[in-house]
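Subject: Structure handover

Hello,

Here is the structure for your files, followed by notes on what was found in it. Please read the notes with the coordinates open.

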Amino acid sequence: MLSYDVLIIGGGLAGLRAAVGLCDKYNVGVLSKVHPVRSHSIAAQGGINAALANSPHGRDDTREKHAFDTIKGSDYLADQNAVEIMCSEAIKVVYEMEHWGCPFSRFPDGSIAQRPFGGAGYPRTCYSADLTGHALLNTLNERAIAKGVNIYTEWFVLSLVADNNVCHGVIAFDLINGEIAPILAKTTLFATGGYGRVYLHSTNALINTGSGIGIAYKAGAPIKDMEFVQFHPTALIGTNILITEAARGEGGYLINKNGERFMAHYVPNAMELAPRDIVSRSIQTEIDEGRGFEHPLGKYINLDLRHLGARNILEKLPGIRNICIDFIGLDPILEPIPIMPCQHYSMGGIDTNEKCETGISGFYAAGECACVSVHGANRLGGNSLLDTIVFGKLACFAIDEYLRDNSIKPDEKFLLSKKEEMEKKIYRLMYRGNEKPYRILADLSKTMSDCVGIFREKTCLEQALRDIDKIKERFKDVCVSSSTMHMNYELLNTIELEYMIEIAHTIALGAYLREESRGAHFRKDFNTRNDTDWLKHTIARIGKNGQPVISYKDVVITDYQPMERQY
Amino acid sequence: MITANEYMFKILRYDMKEPEIQPYFKSYRIKVISGLTVLMTLLRIRDEIDGTLSFRSSCRSAVCGSCAIVINGKIDLACRSQVASFGDKTIVLEPLPNLEIIKDLVVDMTPFWDMYENVKPYLIRKSSEPEKEILQGEDERKRIDQYVNCILCASCYGACPVLSRGTDYIGPAAFAKLERFVLDSRDERPLRSLEEINNEKGVWGCDTMLRCIDACPKDVRPADSIIGLRKTLLKYKAKKIFGMTNDEN
């Protein structure tokens, strides 16, 4: 049986950063559903925040100001101790990535360039044109090559094996050869990404099913704040491809069909650079009240970059321009970009502390699949790339500390029995049932987009919960077309679908129970923040009957007392 | 108005686990709305018509490099190719050339990754790191821009006529990545290390047909990197002859 000191699931930024930090000392294996450079980190555009104070307009920026902006942006749901650590580490990890070769854009003095981003008091976002995720992920992949990190490409995880709150490893699946492989591990780190694809309209890669979170949840790990789902203000109409916040950071305007920069009516001081939750609601309100443009693919608002000029666009937003040309046949130098808000980021995830420890010993989580929480109810742009690298690094320290205890002995017997269970499950999916998996996913994701979206209210959330119950029943009758084990993507999708349904359930339930509006969670029927009753994290655990059991946990407050969030 | 047209998709099918069955084309008739991409159509075919079809995909926005295939004879990313743009009601899809087929449109990328990893595609430093960033001028950064943009999709590898002759030539993408580091003002690799590509498997193997430039979906020009590396090698050789190199590492 394969056996590792450290088994890392996910080859994106968080997973690779952890692997690079641990491979010199420990026997490390990385499993990735896709080749590491195909991970969703690659798609991040705008940048990574760190208070380097390189900008002439930001010489007095500090890590404390970064922490304050992050906490305020989170609508005070972030754990402040964790935010302080992240913002302090930010400076170190950005320099470290630069030393490892990351091709950051530069200021004329040769220092790393920084641009303004939403909800930030200073130009703090370090970037590489509008391809920052691409630059960072390639750099970490290069580092992993230099260090000879052992990567299993196109392997995914069927199940996390935990017994009595101790993790023993995973049951993995080798997609190319079609083999089920139990892997024994003293420590397991999930860096499996977010759950965007639970929604019908998402900027996320097709691989962002959130199955890692569902796998952890099914194995008994608590998951946190699942109802907090970020809707990005500017996704390209039709395809939902992300148009970076940097487009507004560089000076782009949002314009309604009356030709107005309507953000003046909502947040006149911050305008287009208010935090994402606020801008998305403003755009949706414009559309709902009839001030959007009409298009066969849906109603939209214009993102106008034309006044920035060709040179600026070509230099600072070349990726955006290519996307517009490739996918909608227009050039943003000449025409405004039709955009609409759309699911973008998962604030919720596997409940971890600031050391990436979860509710199961020997099991860790980092990056978008984890909820520390550093983003609280609303993440600021430029903080997600930061989260992945910082917590990928911090996971190394926690895992190293845990592995110093020599008595850790993961047990094969738990893996062998779980393997058998998984074999039966796959057999069942192949030989019985009448439901097509894609139909179930289509219905689930539509329910989530329709009822658990930007604006939420009680009756619709109740409807979502009823729909999800029905979908769970239908899943019992699901069947894939082929009994071939290798290269069977439909089988992979169906295994992940089961976890997606569980995740969707916790999102809708958390949203239904939380009778307030905070950050990205907006209830029309409870439209203000209520710190007296709801300044707390939602925790979901799987109950004995398979239904989620909800409890709550205090938010960690250090120096920043909650106050009204004004921009 | 959104219009839908019927298309015939002819997709190459093969399974390495059943080598006795020769590769063959299977046809799928499907209605496609205008603006829909080849990738979205493939996803629909797999969902609605044939769950056994295999192809890679991830970002669906032309940044991850998963879905390079041959579409009506031309290499491109399936995700950024609109079905209607081919002006043909028949769309023929084949896997990338110069790599073995694992199943259908999925090829074994191992030789591609091996070549890439062999050129040491990472920043090599000898100096100790400064406390802050290593300074780099805007112009120095611009020098590496096109090579930084490479998404390792292997389109150029599939298009390369030298590789199609079955040689163990390193291939265009690996050179583009190597040049990205050789040109990086922060990189301190000894020029001597370039001797490894100073041969027919290396930069002298390219027959400058420039198909790689044509195939690249991200406007990278791998041939520029090959010419650049050749020049660097020639300069290094000249310096060596005149004893001017201080590259003693």
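I start with one residue of chain B. Leu93(B) is buried, because 23 other C-beta atoms lie within 10 Å and a count of 20 or more is what burial requires. Keep in mind throughout that this is a predicted model.

Leu93(B) sits in strand β5 of chain B, which covers residues 90-94. Once neighbours within four places in sequence are left aside, its contacts are Phe9(B), Ile11(B), Leu12(B), Ile69(B), Ile71(B) and Leu105(B). Val38(B) is 55 residues away from Leu93(B) in sequence, while the C-alpha to C-alpha distance between the two is 9.2 Å.

Domains of chain B

Chain B is split into domain 1, residues 4-107, and domain 2, residues 110-241. The centres of these two domains of chain B, taken over C-alpha atoms, are 30 Å apart. Where they meet, 13 residues of domain 1 are in contact with 15 residues of domain 2. On the domain 1 side, strand β4 of chain B (residues 74-77) gives the most, with three residues. By class, that side of domain 1 has nine nonpolar, two polar and two charged residues.

Contact between the chains

How many residues does each chain bring to the contact? Chain A brings 42 residues and chain B brings 40. On the chain A side, helices α3 (80-99), α4 (132-147), α10 (318-328) and α15 each supply at least two residues. The largest share there is that of α4(A), with six residues. Sorted by class, the chain A side of this contact has 24 nonpolar, 11 polar and seven charged residues.

Nonpolar core

The largest nonpolar core has 255 residues. Those with the most contacts inside this core are Ala19(A), Leu189(A), Ala216(A), Ala366(A) and Ala395(A). Which helix gives the most to the core? Helix α15 of chain A, residues 489-513, does so with 14 residues. Helix α15 of chain A also appears in the list of helices that supply the side touching chain B.

Leu189(A) can serve as an example from the core. Not counting residues up to four places away in sequence, Leu189(A) touches Val6(A), Ile8(A), Ile9(A) and Ala18(A), as well as Tyr364(A), Ala365(A), Ala366(A), Ala395(A) and Ile399(A). Two of these partners, Ala366(A) and Ala395(A), are themselves among the residues with the most contacts inside the core.

Regards

Notes. Residues numbered from 1 in each chain as written. Chains lettered and ligands numbered in written order. Predicted model: local features only at pLDDT ≥ 70, side-chain atom pairs only at ≥ 80, totals over all residues. Core = buried A, V, L, I, M, F, W, Y, C linked by C-beta atoms within 7 Å. Buried ≥ 20, exposed ≤ 12 C-beta atoms within 10 Å, placed from the backbone. Helix = DSSP H or I, 4+ residues; strand = E, 2+ residues; numbered from the N terminus. Contact = placed C-beta atoms within 7 Å. Domains from an automatic or database assignment. Nonpolar A, V, L, I, M, F, W, Y, C, P; charged D, E, K, R; others polar.
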